[in-house]
Amino acid sequence: MSIDAYRILRAAGALLTAFGLAFGLAPAHAPLSGAYAQDAARAAAPYRRAAVRARTGKTPSRTPAAAPAAAAKPESLPARTPFTAEDDAVAVVPGMPDVRFWADSTADFTNALPAKPGPWLALSSGGEDGAFGAGLLAGLSASGKRPDFSVVTGVSTGALLAPFAFAGSKYDEAMRKDFTTITSADIFEVGATPESFVDTWPLKDFIAKEFTPAMLADIAAAYRRGRRLFVITTDLDAERSVVWNMGAIAAHGGDQALNLFRAVLLASSSIPGAFPPVLIDVESNGKRFAEMHVDGGVGGQFFVAPAQLMAATADYRLPATALYVVADSGLQPDFQVVKRTTESILVQTVGMAVKVDTRLMLDRAYLVAKRSGVAFNVASVPPNFSAPSHGAFDPDYMRALFQVGYDQGKGATPFATAPPPYPAAPAAPASSPQHPEKTGANR
């Protein structure tokens, strides 16, 4: 491991320590924690991806580049304009009051939906594992079975994938390129800022290059036809998730809309503490101020509807014809004898928490779909995927995962109709003595 990589890993460990406190304080039902913390560990260090994906010592094809002189980091940042919770509750983007709503507002959510029901697609967080979802969509296009989704939602890496999923198969080649050739050099620069452990000016530049005015025009046209593209960020000041109506942003047109569209994508994938937050200018009660937005994964692995409507006690029915969820992560446990280091303990713990959270959210989405009388479809990284990863955003790893997704998407059964089964307990060797005290059988 390089010295720089080790520095980032130490930084990520410090960040995850803070998240660990959140684990202990958060309610058991909260979909908090896993996604963005795991992404922080992945993006910040070339750590082991799974027990079967052994490190080989190979370094990525590129290393994070040095920042331009203009991007020199200040010792401190300007003070933020003060505002109140009341100000933030009714704040709007200047000139675009219709482009977002709170993710816990059931009325705003309902009003934002298409007039006609259709299939919905929810894309999860997952860092470089977004290559699986990209491959799956490309495979569906190749097979001719890709639905024309009426609603597409994206969180974190799913937010970067969502515009491609929404804009259609004409963007499949650009999607493949983005999710198979990107490296850590395209995501972050080694070195702390006053707000983060690394600088993500490369990711900002990458988003500006890939999400073009032409794509926004296509997204705006689909929005006017009644389809919806939602990307989720987290308003850190309010501790609330925000749903951005990306089609409405695109329909406004002009540089302001283009810049906001890109800023939202950057914010949704900005792991708090590891990556810098994104400040978004808003106005309310006669004043202008900037909200602090971070990774949408803070509020959950993926987004289908407000939590109140997803609750087991709710009677809400999705106005959809089918629900598709792409979980860009593996859900099986990966055995490892954990090293006695802070980083190893935290990364292994967070990795487990992500899988637990994802499974709980999939179970809830499945129940909502059944309650609504619509078909449930889910795809996740197969448990037998075993390509090695040589670091964060390793193109070889991502190409292998894209191909797995592509083959699955092109195959006869790209989606399962129920959440993946929970893994069975490992079988003990026949010669092993039984220890009833470990099962609680003697209590």
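**Helices, salt bridges and unusual phi values in a predicted model**

Q: Which helix holds Leu360?
A: This is a predicted model. Leu360 falls within residues 342–372. That stretch is helix α13.

Q: Is Leu360 buried, partly exposed or exposed?
A: Its relative accessibility is 48%. Buried means under 20% and exposed means over 50%. Leu360 lies between those limits, so it counts as partly exposed.

Q: What is the area of the nonpolar surface patch that includes Leu360?
A: Leu360 does not make the patch alone. Met352, Val356 and Tyr422 contribute with it. The patch area is about 430 Å².

Q: How many strands does the protein have?
A: The chain has 443 residues, of which 55% count as buried. Its secondary structure includes 14 helices. The strands number eleven.

Q: Of contacts between residues at least 6 apart in sequence, what share joins residues at least 24 apart?
A: The count leaves out pairs that are less than 6 apart in sequence. Among the remaining contacts, those joining residues at least 24 apart make up 81%.

Q: What share of the exposed area do carbon and sulfur atoms supply?
A: The protein exposes about 19400 Å². Carbon and sulfur atoms supply 58% of that area.

Q: Are α6 and α11 parallel, antiparallel, perpendicular or oblique?
A: Helix α6 (residues 157–167) packs on helix α11 (residues 254–268) with the axes 7 Å apart. The angle is about 140°. Roughly antiparallel needs over 145 degrees, and roughly perpendicular spans 65 to 115. The angle fits neither class, so α6 is oblique to α11.

Q: Which residues of α11 meet α6?
A: From α6, the contact involves Ala159, Leu160 and Pro163. Their partners in α11 are Phe261, Leu265 and Ser268.

Q: Which residues of helix α8 are buried?
A: Helix α8 covers residues 201–210. The cover over its buried residues includes α6, α7, β4, β5 and α11. Those buried residues are Trp201, Pro202, Leu203, Phe206, Ile207 and Glu210.

Q: What is the relative accessibility of Met175?
A: Met175 lies in helix α7. Beyond its neighbours within four places in sequence, Met175 contacts Ala134, Leu137, Ala138, Leu161 and Phe164. Met175 counts as buried because its relative accessibility is 0%.

Q: What distance separates the C-alpha atoms of Met175 and Pro163?
A: The two residues are twelve places apart along the chain. Their C-alpha atoms are separated by 9.5 Å.

Q: Which residue meets Glu210 in a salt bridge with an N to O distance of 3.9 Å?
A: Glu210 is buried, at 13% relative accessible area. Its partner is exposed, at 53% relative accessibility. The bridge meets the cut-off of 4 Å. The partner is Lys209.

Q: How many residues apart in sequence are the parts tied together by Asp334 and Lys355?
A: The closest N and O atoms of this salt bridge are 3.2 Å apart. Asp334 sits in the loop between β10 and α13, while Lys355 sits in helix α13. Asp334 is partly exposed at 26%, and Lys355 is buried at 16%. The pair therefore ties together parts separated in sequence by 21 residues.

Q: What separates Arg399 and Asp396 in helix α14?
A: Their side chains meet in a salt bridge (2.4 Å, N to O). Arg399 is partly exposed at 40%, and Asp396 is partly exposed at 32%. Because they are three residues apart in helix α14 (residues 395–410), the separation is about one helical turn.

Q: Which residues are joined into one network by salt bridges that share partners?
A: The whole structure has 13 salt bridges. Some of them share partners. The network consists of Lys177, Lys209 and Glu210.

Q: What is the phi of Ser156?
A: Most residues other than glycine have a negative phi. Ser156 is in the loop between β3 and α6, and is buried at 3% relative accessible area. Ser156 is not a glycine, yet its phi is positive, at about 60°.

Q: Is Asn285 buried or exposed?
A: Asn285 is in the loop between β8 and β9. Its phi is positive, near 50°. Its relative accessibility is 56%, so Asn285 counts as exposed.

Note on methods
Residues numbered from 1 in each chain as written. Predicted model: local features only at pLDDT ≥ 70, side-chain atom pairs only at ≥ 80, totals over all residues. Heavy atoms only, no water. Patch = residues over 30% accessible without salt bridge, like charges linked within 9 Å, V, L, I, M, F, W, Y side chains within 5 Å. Areas by Shrake-Rupley, 256 points an atom, 1.4 Å probe, with all protein chains shown as cover. Helix = DSSP H or I, 4+ residues; strand = E, 2+ residues; numbered from the N terminus. Buried < 20%, exposed > 50% of the residue type's maximum accessible area, 1.4 Å probe, protein only. Axes fitted to C-alpha atoms, helices over the stretch in contact; angles between N-to-C directions. Parallel < 35°, antiparallel > 145°, perpendicular 65-115°, else oblique. Contact = heavy atoms within 4.5 Å.
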